[in-house]
Amino acid sequence: MLPAKQFELLNQVAALHHRSLPTYLTYARPWVRSGSEANAAIIEDIAADHHDLVQRILRVLEADDRPVMLGDFPMNYTDLNDLSLDFILQELMHYERRLLKTLEEIASWMDRDQSSYLLVNMAIGMAMGHLENLAEANGDSPAMKA
């Protein structure tokens, strides 16, 4: 059984990824210019990584037989509906930077001997990789070349 604080922090990481901006964008897809489909696929890849991480965390949390709270998508995500992929990629860079900072804070509060700490470190590694992918995609964006 996880200590209460570890459970709460791991639940927070699951909620962050379950209701993330990339996940939201799989439901409210941005406008994609012809020829930019590969960049659009990056969003789906990030959302798939978030989904996989949430499933791993849920297996740990549900083994404790305590309630898991994943929450709802933030309402401010709707402000991004129908915007172009170029703009969304920039927003995702900001989002992933904030997510990375939050995950690093959460990791600093965790007991390093727990398996939950490894899951948070996995999330940190994923966020760093996502930032690299988004930086490459933004470099390919016609809007960034102007």
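This report walks through the helices of a predicted model and a handful of its residues.

**Confidence**

Let's start with how far the predictor trusts its own work. The protein chain has an average pLDDT of 91, and 95% of the residues score at least 70. Confidence is highest in helix H2 (residues 21–27), at a mean of 96, and lowest in helix H6 (residues 142–145), at 52. If you plan to use the coordinates of H6, keep that mean of 52 in mind.

**Helix H1 and its partner H4**

Helix H1 covers residues 4–18, and helix H4 covers residues 85–109. Two packed helices are described by the angle between their axes and the distance between the axes. Here the axes of H1 and H4 come within 10 Å and cross at roughly 170 degrees. An angle over 145 degrees counts as roughly antiparallel, so H1 is roughly antiparallel to H4. On the H1 side, the contact is made by Gln6, Leu9, Gln12, Val13, Leu16 and His17. H4 contributes Tyr95, Leu99, Thr102, Leu103, Ile106 and Trp109. Sorted by class, this contact of H1 with H4 holds 8 nonpolar and 4 polar residues, with no charged ones.

The length of H1 also checks out. Its 15 residues should span 21 Å at 1.5 Å a residue, and the end C-alpha atoms are indeed 21 Å apart. The buried residues in H1 are Gln6, Phe7, Leu9, Leu10, Asn11, Val13, Ala14, Ala15 and His17.

Gln6 deserves a second look. This residue of helix H1 has a relative accessibility of 3%, so Gln6 counts as buried. Leaving out residues up to four places away in sequence, Gln6 touches Trp109, Met110, Asp111, Gln114 and Ser116. Of these, Trp109 also appears in the list of H4 residues that meet H1.

**Helix H3**

Helix H3 runs over residues 37–63. With 27 residues, H3 reaches 40 Å from its first C-alpha to its last, close to the 39 Å expected at 1.5 Å a residue. Its buried residues are Asn39, Ala40, Ile42, Ile43, Ile46, Ala47, His50, Leu53, Val54, Ile57, Leu58 and Leu61.

Asp49 lies in H3 too. With a relative accessible area of 29%, Asp49 is partly exposed. Setting aside neighbours within four places in sequence, Asp49 is in contact with Met126 and His130. Along H3, Asp49 and Leu61 are 12 residues apart in sequence, and their C-alpha atoms are 18 Å apart in space.

**Two residues in helix H5**

Helix H5 (residues 115–140) holds Ala127, and Met122 is in H5 as well. Ala127 is buried, at a relative accessible area of 2%, whereas Met122 is partly exposed, at 32%. Beyond its neighbours within four places in sequence, Ala127 is in contact with Glu96, Leu100 and Leu103. On the same basis, Met122 is in contact with Leu53 and Arg56.

C-alpha distances add some scale. Ala127 and His94 are 33 residues apart along the chain, with their C-alpha atoms separated by 12 Å. For Met122 and Leu103, the separation is 19 residues in sequence and 10.0 Å in space.

**Positive phi in the H3–H4 loop**

Most residues other than glycine have a negative phi, and most peptide bonds are trans. Which residue just after H3 takes a positive phi? That is Asp65, at about 55 degrees. Asp65 lies in the loop between H3 and H4, and so does Asp82. Phi of Asp82 is near 70 degrees, again a positive value in a residue other than glycine.

Are these two aspartates buried or exposed? Asp65 is exposed, with a relative accessible area of 71%. Asp82 counts as exposed too, at 68%.

**Accessibility side by side**

The table gathers the values for the residues discussed above.

| Residue | Relative accessible area | Class |
|---|---|---|
| Ala127 | 2% | buried |
| Gln6 | 3% | buried |
| Asp49 | 29% | partly exposed |
| Met122 | 32% | partly exposed |
| Asp82 | 68% | exposed |
| Asp65 | 71% | exposed |

Key: Residues numbered from 1 in each chain as written. Predicted model: local features only at pLDDT ≥ 70, side-chain atom pairs only at ≥ 80, totals over all residues. Heavy atoms only, no water. Axes fitted to C-alpha atoms, helices over the stretch in contact; angles between N-to-C directions. Helix = DSSP H or I, 4+ residues; strand = E, 2+ residues; numbered from the N terminus. Parallel < 35°, antiparallel > 145°, perpendicular 65-115°, else oblique. Contact = heavy atoms within 4.5 Å. Nonpolar A, V, L, I, M, F, W, Y, C, P; charged D, E, K, R; others polar. pLDDT = per-residue confidence, 0-100. Expected span 1.5 Å × (residues − 1). Buried < 20%, exposed > 50% of the residue type's maximum accessible area, 1.4 Å probe, protein only.
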